[in-house]
Amino acid sequence: MRLCYDTAVAFLFLVRWNRHGVMHTIQKIADGAVHKLPADFRRAIESNATAKSLWADITPLARNEWICWVTSAKQEATRKRRIEVSIDKMLGGMRRPCCWPGCPHR
């Protein structure tokens, strides 16, 4: 198994060969520059083709901003709402969270 990164589309590909020498790839959505993409946010992005396409198109720092904005919520209800709002904003073409000072971890 080999891990490949395609910078043109910001996806990680796990490449493995079966016993017959046939190559199989598994596509994984990329994380941010500092933060790992949480499972709940990943599922929300993967469930929407438009959001998934935008996620692949934005920079690692922009992905990091979305992840940090979602994970910085103190309450679970706020986090869930931010995930929903993130997907909605991405569907509208927004590339970074609005009206937020930014990730303090970079």
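**Note on a predicted four-helix, three-strand chain**

1. His105 sits in the segment after α4. The model is a predicted one, and this end of the chain is a good place to start reading. Setting aside residues up to four places away in sequence, His105 touches Val34, His35 and Cys68. The pairing with His35 spans 70 residues along the chain. In space, the C-alpha atoms of His105 and His35 are separated by 8.7 Å.

2. Gly102 belongs to the segment after α4 too. Is Gly102 buried or exposed? Gly102 is buried, because its relative accessible area is 12% and the cut-off for buried is under 20%. Gly102 also has a distant partner in sequence: Ala62 is 40 residues away along the chain. From C-alpha to C-alpha, Gly102 and Ala62 are 9.8 Å apart.

3. Now the overall layout. The protein chain has four helices and three strands. Read from the N terminus, the order is β-β-β-α-α-α-α. The protein chain has 106 residues, and buried residues make up 41% of them. Take the contacts with a separation of 6 or more: 54% of them join residues 24 or more positions apart.

4. How do α3 and α4 pack? Helix α3 covers residues 60–71 and helix α4 covers residues 76–91. Their axes are 8 Å apart, at an angle of about 150°. That angle makes α3 roughly antiparallel to α4, because angles over 145 degrees count as roughly antiparallel. From α3, the contact uses Trp66, Trp69, Val70 and Thr71. From α4, it uses Arg79, Arg82, Ile83, Val85, Ser86, Lys89 and Met90. By type, the residues of this contact of α3 with α4 are six nonpolar, two polar and three charged.

5. α2 meets α4 at another angle. Helix α2 (residues 49–57) and α4 have axes 9 Å apart, and the angle is about 80°. α2 and α4 are therefore roughly perpendicular to each other. Thr50, Ala51, Leu54 and Trp55 are the α2 residues here. They meet Ile87, Met90 and Leu91 in α4. What kinds of residue make up the contact of α2 with α4? Six are nonpolar, one is polar and none is charged.

6. Trp69 deserves a look of its own. Trp69 is in helix α3, and it is buried with a relative accessible area of 13%. Leaving aside neighbours within four places in sequence, Trp69 contacts Arg82, Val85, Ser86, Pro97 and Trp100. Pro97 is 28 residues from Trp69 along the chain. The C-alpha atoms of Trp69 and Pro97 are separated by 7.3 Å.

7. Asn64 is another residue of helix α3. Its relative accessible area is 0%, so Asn64 is buried. What does the side chain of Asn64 reach? It reaches the backbone nitrogen of His35, at 2.8 Å. Not counting residues up to four places away in sequence, Asn64 touches Gly32, Ala33, Val34, His35 and Cys103. Val34 and His35 are also among the residues touched by His105.

8. Asp31 lies in the loop between β3 (23–29) and α1 (39–46). Asp31 counts as buried, because its relative accessibility is 13%. Two polar contacts stand out for inspection. A polar atom of the Asp31 side chain lies 2.8 Å from the backbone nitrogen of Leu37. The side chains of Asp31 and Arg42 are joined by a polar contact of 3.3 Å. Beyond four places in sequence, Asp31 touches Lys36, Leu37, Arg42, Arg63 and Ile67.

9. Last, the core. The largest nonpolar core holds 17 residues. Which of them touch the most other members? They are Leu37, Phe41, Ile45, Trp55, Trp66 and Met90. The elements that give two or more residues to this core are α1, α2, α3 and α4. Of these, α3 gives the most, with five residues.

10. Ile45 shows how one core member is surrounded. Apart from neighbours within four places in sequence, Ile45 is in contact with Ile29, Leu37, Ala51, Lys52, Trp55 and Ile87. Leu37 and Trp55 are themselves among the core residues that touch the most other members. Ala51, Trp55 and Ile87 also appear in the contact of α2 with α4.

Conventions. Residues numbered from 1 in each chain as written. Heavy atoms only, no water. Axes fitted to C-alpha atoms, helices over the stretch in contact; angles between N-to-C directions. Parallel < 35°, antiparallel > 145°, perpendicular 65-115°, else oblique. Contact = heavy atoms within 4.5 Å. Nonpolar A, V, L, I, M, F, W, Y, C, P; charged D, E, K, R; others polar. Buried < 20%, exposed > 50% of the residue type's maximum accessible area, 1.4 Å probe, protein only. Polar contact = N/O pair within 3.5 Å; in protein donor to acceptor, adjacent residues only side chain to side chain. Core = buried A, V, L, I, M, F, W, Y, C linked by side-chain atoms within 4.5 Å.
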